[in-house]
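Hi,

Here is the structure I said I would pass on. Have a look at it first, and my notes follow below.

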Amino acid sequence: MLLSKLHFGSYLTYAPRGTSEEAKKAKQVMRSIKQEATLQSGDPYSKYVAGLLFDELHNLPFKDFFGNNTYLVPVPKSSLMQPGTLWVPLKIAEELERKQLGTVMNCLERISAVPKAATALSSQRPKPIDHYKTIRVKPGIHRPQKIVLIDDIVTSGAILLACATLIKEAFPESTVFGFAMMRTISNENEFRQVKAPCVGDINLRNGNAFRNP
């Protein structure tokens with residue numbers, strides 16, 4: 001039922017348990033992304049990081065993910081959407097669209113809430129199948145050639161893998177990638193700096209998602 005693998009890219013990193021000055025800086029960047037902080041210029045943080053990515057894209061390992069033929073699909077929140085709710089993946093997707101790196105296609109909808117992975121106990125964190133069963137693809141969407149799922153922060157990649165499965169079922173001829181503006185580094189000794197672009201894979205093993213790197 002679920003895809004066994006999803007190719008993904010990410011731009012920034014942070015270590016949740018990091019204590020170095022660079023790790024503290026990375027955590028502040030993470031909070032700015034999650035909260036859609038406003039800079040002194042008045043620009044939202046999503047615009048700032050999308051601008052950085054755009055300026056460097058030709059040197060980034062995931063540069064081929066983006067372009068005029070790409071549809072950017074924001075990943076749903078763990079909770080049900082309420083009017084006025086901040087949805088950071090959508091904000092990021094819209095800013096990437098303004099940079100002409102793709103076209104936003106808001107076609108995934110959460111139909112039942114799941115525990116928030118960042119605050120849930122490890123035993124209660126949603127698995128890919130939990131996300132798969134609680135998200136649907138909205139009807140009436142045309143068939144794109146390339147889709148990039150957009151998330152703000154990726155940890156294990158469970159929701160990206162689930163969303164990719166749903167997208168492939170709806171659009172079997174489409175190429176699907178995942179992209180997160182930031183990824184977590186669980187081992188603080190492996191953390192080096194905030195900006196650490198990469199590509200890798202999210203794999204399904206024994207019902208769980210495992211991200212590499």
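**Pocket and sheet**

The largest pocket comes out at a volume of about 1400 Å³. Keep in mind that this is a predicted model. The lining of that pocket takes in 46 residues, and the ones nearest its centre are Ala117, Ala118, Ile153, Thr155 and Ser156. As for secondary structure, the elements giving two or more residues to the lining are helices H1 (21-35), H3 (88-98), H4 (128-133) and H5 (158-170), together with strands E6 (146-154) and E9 (208-212). By residue type, the lining of the largest pocket splits into 24 nonpolar, 11 polar and 11 charged residues.

Now for the sheet. It is an open one with 7 strands and mixed pairing, and the order reads E3-E2-E6-E7-E1-E8-E9. Strand E3 (103-104) and E9 sit at the edges with a single partner strand each, so one side of each has no neighbour in the sheet. At the E3 end, E3 runs parallel to strand E2 (residues 70-74), and 2 bridges join them. If you want a residue to click on there, Tyr71 has Thr103 in E3 as its bridge partner.

Two helices to look at against the sheet:

- H2 (residues 45-56) packs on the sheet and touches strands E1 (5-14), E7 (175-184) and E8 (195-205); the direction of H2 makes about 110° with that of E1.
- H5 also packs on the sheet, touching E1, E6, E7, E8 and E9, and the direction of H5 makes about 160° with that of E6.

H5 and E6 are worth viewing with the pocket switched on, as both are among the elements that give two or more residues to its lining.

Cheers

Definitions and conventions:
Residues are numbered from 1 along each chain as its sequence is written. This is a predicted model: local features need pLDDT of at least 70, side-chain atom pairs count only at pLDDT 80 or more; totals for chains, interfaces and linings use all residues. Side-chain values use heavy atoms; hydrogens and water are left out. On a 1 Å grid over the protein atoms alone, a cavity is a set of points where a 1.4 Å probe fits but cannot get out, and a pocket is an open set with protein on both sides within 12 Å along at least five of seven lines; lining residues have an atom within 4 Å of a point. Grid points are joined across faces, edges and corners, and a volume is the space filled by probe spheres set on the points. Helices (H or I, at least four residues) and strands (E, at least two) are DSSP runs, numbered from the N terminus. Ala, Val, Leu, Ile, Met, Phe, Trp, Tyr, Cys and Pro count as nonpolar, Asp, Glu, Lys and Arg as charged, and the others, Gly among them, as polar. Two strands pair if DSSP finds at least two bridges between them. Contact means heavy atoms within 4.5 Å. Axes are lines fitted to C-alpha atoms, for helices over the stretch in contact, and angles run from 0 to 180 degrees between N-to-C directions.
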